[in-house]
Structures are given as C-alpha cells and as structure tokens.
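Okay, thanks for squeezing me in. I'd like to walk you through one structure, so let me get it up on the screen.

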Amino acid sequence: MRQAYDPTTHEARWQAAWDEQQCFRALNPGDPGFDPGREKYYVLDMFPYPSGAGLHAGHGVNYVGTDIVARRAWMEGKNVLHPMGWDAFGLPAEQYAIQTGKQPAETTAENTDNFRRQLKRIGVCYDWAREINTSHPRYYRWTQWLFKRLFQRGLAYQTEVAVWWCEELKTVLANEEVINGRSERGNHPCERRPLRQWVLRITAYADRLLADLEGLDWPESIKAQQREWIGRSEGADVTFHTEQAQGADPITIFTTCPDTLWGATFLVLSPEHELVPRLTSAQQRGAVEAYIAQAASKSELERTDLAKEKTGVFTGSYATNPAFEAGDPRARVPIWIADYVLSTYGTGAIMAVPGHDERDWEFAKTFDLDIVEVIRPPDGTPGVADDVCYPGGKGGGTAVNSGPLDGLETAAAKAKAIEFVEQRGIGKARVNYKLRDWVFSRQRYWGEPFPLLHRADGETVAVRDEDLPVELPPMEDFTPSADGSPPLARAGDWVQTQDPSDGTPATRDTDTMPGWAGSCWYWLRYMDPENDEAAFSKEVEEYWGPVDLYVGGASHAVMHLLYARFWHKVFYDEGLVSTAEPFQRLFNQGMIQAFAYQDDTGRLVSPHDVDDEGGRFVRRADGAEVQQVVTKMAKQLGNVVNPVDVIDDWGADAFRLYEMFMGPLADSKPWNPRDIPGCRRFLERTWRVFVDEDSQAALRPELAEERGIEGEQTQALEREWNQALARINDSFARFNFNTAVAAFMTFVNEATKRPGALVRSQAERFVRALSPFAPHLAEELWSRLGHTTLVARDSWPAVDEGWLAADDFELIVQVLGKVRGKVRAPKDASKQELERLAIEAVADKLEGKDLIKTIVVPGRLVNLVVR
C-alpha cells in the first residue's frame, strides 16, 4: 500500500495530542511548574461574537496569523497566553434567538460549540482551559462589579439624550450602527428620539485617552482616527442674548475662532436644541417642525457631509452679537436651524461666519444672508472681496472690521479676542471635545442587567457585592415591547424587590448593558478565569499585563478600542490594574474579500438577493439595478466560505498556508479557491521529500541516520535552508507570512532537485520551522523522525550566518537587452569567465549570428550584442 500524503489520518491525532498534553497551557504565578524567569508573551485575538452562521474564511486569516505568532513564541521558550472566548451578549444574538424561536442562552451555547469545533479543526493553539463567555453569570457577575466602580466614581449617570431609535428592532442604536437613517442590521428605518438612558462619562478621560496614544505601538491610522474622534479643540464660549423676553433665553456657542466674532452675521441651532420651540415664531412654527422631523431621520454623517446641499429654516427670532455696542445695526443677527449643526458637538449652536467658514458660506449664499470679511488673507490669496470664502483658521491673515483686533495676525487676534470676551463678561476660554459621553443603555433582554436599585424615595443605589450577579430572569417572551419599554419591565417578580440595607421597597433597573460591556475588560479575565473571589488577582495582572500583541480589524478603531481603553484607565485609577493602557501593540489584519453588490445608497446587497440579467445585475426584491463590487466577506452578504468545507477538501494545513500565502497579513485580498490546490501540492511535495510513498518505511533511508553537512549538494541545501530561514524570520517583523510560505516552497523545490542530499539535521530544522505554519504535517514528520515529544514544544531553529553569504550568484544573460538565460557563476569570476559562461548558457540563441560586443556588469549580468 502506498504511503500517500493524507491529512485526514493525522490531523485529529495531533490535535488530540496537543489537548491531552496541555501543550499550550499558560502558567500563572503560583501554578506548579511556573518559572518567574521565563519571559511572558500575551497574544490576543479580538473577541468574536459567536453568530449562528459560524466562522468564515475571513476570520481564519486573523486566527491563523496569531496562531503562527503564538506557536513560535512557545518554541522560543516563552510562557505564552493565547486564549479564546465569546462575546456572546448583544442584539445579534437576541435577534437570532427571536427568529429561531429559541432562548438566547440556548442558541448562544449552540453557536459557541460550533465556533469552538471550527477553530479546533483549523488547529489553533488556544489555551482552552481559559475559555470565557460574557453571557455566563460567572463572567457578568464581574462585569456588573466593575460597572459599580464606574457608578461609584460618578462616571455613570442617567439623563435624557437624543438617540437613534429603531422601531422595528425596538432598541437604541449607536451612531455607527445606523447607515443613511436605517439600521445596519436589517435595514430598518430609524429616527432620533429623546430617551432616558444610562450614560458613561468617557469625556472625563478625554485628555488622557488622547495623550496616552503617544506611547503605544499602534498603526498611525488608528491613532489618527481616535484623535479625530476625541476631537480636542481650544477656543471660547460666547453668549448671545435673544430678543425674546428680554433675552431670557441666552444662546451660548463654542468657537475655535473667537477672532471672527465680528464676522458672525447669523446663528444656527441644531434642530434638537432645547431653545428651538421657544424661539420659533407662530408664523415659522409649521416650517420649523417639519424640518425637525426631516432631520431626525438623518445620520450625523449625512448631516455633516460637506458636499451636500445646505438646508435650514429661519426661526423668526433674532439675537444680539455681543461684539457690538447696543444700537449698532450689525448687532442684530437672525437665528436659524440647520441639520449641519449637531446637538452633540459644542453647545449645539454656532455663530455663523460665512466669510471664513465654507459651510456657513454655502448656507449664506443659499439663503441670501450677510457676509462680512474679518480676516484679510495674505497678498495674492483670494478672499471675501473676490467673492470667495477664505477659511482664515487654516491659512492665517490679518484682522479687519474687528474693532480692537484690527491689524493683528490671526494667532494674536485669537488671544486678544478671548481676553476681550472675558473682560466684557460675554464669554470665557474653553477646551472642547467632539467626543460625547457614551450612551450605555439598551432596551433589550439579552444583555447584562444593571446592578442598580431604584428606591421609593428616588435614590438609585448599587446592588451589594455579595448579591452579585444580578441574573437575567428566565422569560418565555423576550421580544421587544410594542411601546419601546424594555422586556425586563414585564418580569414583575424580578423587578419588584427590596433594598437589603433597610428593607424598603425598590425596583430593579430594566435596561441592559450594550454588547460592548463584556468586551471592555475580557483580556483581564483571561488572565485569571477561575477566580471566584475577584475579577482577576493583582499578582496575575501584574505578571501578564499589558497585552503584548492585540490583533483585530481596523473597524474597531473608535468603538471597542476606545471603550476598552476608557474602562482600563478607570481600573488603573481604582488600583485594580498596574498599567495605564491595556494593549501595548496593535496590529490590524486585512479583510478577505469576496463578491457582493451595492445599491445607489451605498448599501451592500447579498449575491443571493441579486439576479444577473445578461450582465445587468438587479435586486430581486424591487428590480433596482445594483453594481457588482469586491468587498468584505460577511455573513449578512451571503458570500462567506466555511473553513471546515475547505479543510474537508484540502486539509487544515493547506487552508492555513493558503490563508497566509494570499498576501501580507495587513493587506486585504480576494479569496480565490483556485489557488488552494497549490498549497496542497506543496505539502505533498514536502511529504515525498521525507517519505518514500512506495515503501512502508517511516522515512527515506538517508534521513534515518545522522550525516554531516558534506558534499556539494548537501552544502548547497544548507545554504538554501539558512537563506530560507532568514526570510522566514524576517516575515515575523511585519507579519508578511506570505514570504515565509514562499521560502518553504523554494527550499522544498531545491531539496526535490537534489534527491538524497537532505540530511537529518536539515530535515529537523525544516520541520521545527514549519511547525507554526503547518503544524499537523510537522508533528507527523517529527514523529517519523523518531521523536517522542511534540515539535510544537521543541525549540525554534537558529540561522547560521556563515551560510548566508553565497560563493556564487545567479548571472542573468541577455541577448540584445532581452533576458535569454540564467546561470550560476562564481562570485570571484573574471569578466572573461563571465563572458564564457554567458555564451555557453545561450549557445542555441547565438546560432547563425555574429557576436559584435559583450557588455559585462560584474555580479549581475552579461548582455550579448549580436547581428
């Protein structure tokens, strides 16, 4: 019987061996066998949500990449923490449970079982003893305990805020979960609605979140997104008094350009501003209310799009510009509302300076409002006098028409303007942030209950630590309520309780935490998952923290990553953690792309919902034409590839190698199943280098005994191997593992060309280096080499620098400037010798031709000029 390569015979065997021998079990301080002198290495994958659709190949590129890194770290002798768990709470899990008619806990358990099975089939080296699940009471007991720390520090409060409400989903959505006024999940219409919500005071940490980015080894693009999201700006608050009721309703604006106060010719309020109803005249009320309703269906991104046409409505009221004396005709400015002003930035009101702000310029031009120049641009630069907006904050200039500021350059004018408003009592200097406090409530069932009691006397108190967790009550009907109230409000016996401090009646809070809550600290629980006395012990956190390498998608730049940093800083202030930042190094893997379709609103459409009508693609539901695009592989788009299907056809190692061979880990790249067989063929060639398929012997005879690095062919392989290993090592710097796979392939090709030249020491070093990439084949070959221990826990091979310098080089031979051949040439060859080798290499191309001239570039090429 032939011994052909067959991964089905050894994948399950070696996966079982890793589990049985606890090969990838990380040791905590105090564990038997713990070595305090051993370097720790914590590599973390972003927390997956266990969807009903399971893993797809796009997830695999992340998990295989970190698996390679972790496996090499083990082989380098490090104590490696590489855990896995499930971010199982949240809206998607609840929606799936509603659709299937099952309890969320039941569907979540099924989904996590499927995810775990898929990951084990891939052969990833997680420490499964540390597996966690955010929806288990044992875990969310500590999420509630940590939330209490925020509540007790005054960082959690209830207030009425304008939020995105989805009537169909009956829940609040974050800005990022709404696209063009419709929910990202399900494409349902949404509207802005004021609701009383729990809010976390993340703005209290804005300066530290900004400053501490500097010391992190993160992609600059992610740092830039966080800086932009936090949006720190310096300026001044200025108060404008309205004409109604003797100015009883002053309007405070924030401006980063207080030097332009004298150019403010109108005010603009956000449609949600609390003063709009009082400032709206009877004649304008109908138009204003219609505009407010229209604005409620737009996302912040739509409202602030610079390219969109400016819209707005006059309220019928006026205010006084405080820069001017009473009676000055320039002091009276109209008050408008417009959706390009957001209630979430500054004060929700702006002073419009159309001469020096492009949005204000377009608005003024649209509605024929006054435009005044207050910054004269440098010579040669067009400005207001040329009927062009000049944004002086960008280019600077000289103050004009600005009273006490006239003649000052922009920087000096800003300082003088702040002094002016403070002296006159009409304003003060202030630092402002675009970052808003974090709305932390959801009117859903499947989430962490808040550990809070509302007493009859109006006081809200935290549940005692000893009474945690506050568990979700079992509910047969957990669908959203028709009136938008939380499903938990219907659990009467659960809601009605007592404050144990004095026995007075109290009610439980019926909102739940958002899906982000459990992922705000999960890296800490991985350190100490069996601890029932604390969320994690101080000793363990001081050992493992911070995370050395965090790998995940760039889409989490301003949500999870910012929220996690915020919670971690609170823990640092509480003395719970020893570092101010949770993740020292961040790496963003690229997306695996596949075909999908896009409609004219930019929304992606699944291939399953599209018909191809002779090259014209139309959405089946309404006949609308859509465009074919290459985009992310995503479950909701129906373009996913199940890794288990690939493994069943080609084997886990072929899947792993192809995931890496597609391109650098950071790059997005298309999934092309036609390339997978090439990776399988490489594994088969590797097998044949070690095993004679027509023999029953475990190894080829030349590998059974040790031989020295002797003979021309063996020495050539030694040079090839060390060059390959150097490339493999280099690939870890930026995770360009495609170059490592290519290096393995090159070496196997060279070994195949030299039958019998490979010696045992070379074979062993090759297998050890191959182990993180194709671990199942590596274990099988290691065993056949006679080892009784696992190669996964052997040592990483070292490069012998002495073999990197080659004695010869590849000489390129050109004829009339075109490459016609290649030949190996000694490095110290003379020009005459190089010419001779070149002529011999392309002798067939020179027949019947006269050699006119020879151009020799030592160390590179020979060009033969013929006629």
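Let's begin with helix H7, residues 220-230: its buried residues pack against helix H6 (206-211), helix H17 (560-574) and strand E23 (586-588). Keep in mind that this is a predicted model.

So which residues of H7 are the buried ones? They're Ile222, Lys223, Gln226 and Ile230. These four sit on the same side of H7, because they cover an arc of only 100° around the axis. Right after H7 comes Gly231, and its phi is positive, near 60°.

Okay, on to the cores. In soluble globular proteins, nonpolar side chains tend to be buried together. Here the largest nonpolar core has 92 residues, and Trp671, Phe690 and Ile728 have the most contacts inside it. Helix H2, residues 57-75, gives this core its largest share, ten residues. There's also another core, apart from that one, with 87 residues, including Tyr42, Leu435, Val470 and Trp516.

Back to Phe690 for a second. Leaving out residues up to four places away in sequence, Phe690 touches Ala698, Leu699, Arg700, Leu703, Ala763, Phe766, Val767, Leu781 and Leu785.

Last thing, cysteines. How many disulfides does the structure hold? Zero. Take Cys125: its closest cysteine sulfur is in Cys23, 8.1 Å away, so that's too far for a bond. Cys125 is buried too, at a relative accessible area of 1%. Cys190 is in no disulfide either, and there the nearest cysteine sulfur, from Cys166, is 4.2 Å away. The cut-off for a disulfide is sulfur atoms within 2.5 Å. Cys190 is also buried, with a relative accessible area of 6%.

That's it from me.

Definitions and conventions
Residues numbered from 1 in each chain as written. Predicted model: local features only at pLDDT ≥ 70, side-chain atom pairs only at ≥ 80, totals over all residues. Heavy atoms only, no water. Core = buried A, V, L, I, M, F, W, Y, C linked by side-chain atoms within 4.5 Å. Buried < 20%, exposed > 50% of the residue type's maximum accessible area, 1.4 Å probe, protein only. Helix = DSSP H or I, 4+ residues; strand = E, 2+ residues; numbered from the N terminus. Contact = heavy atoms within 4.5 Å. Arc of directions from axis to C-beta.
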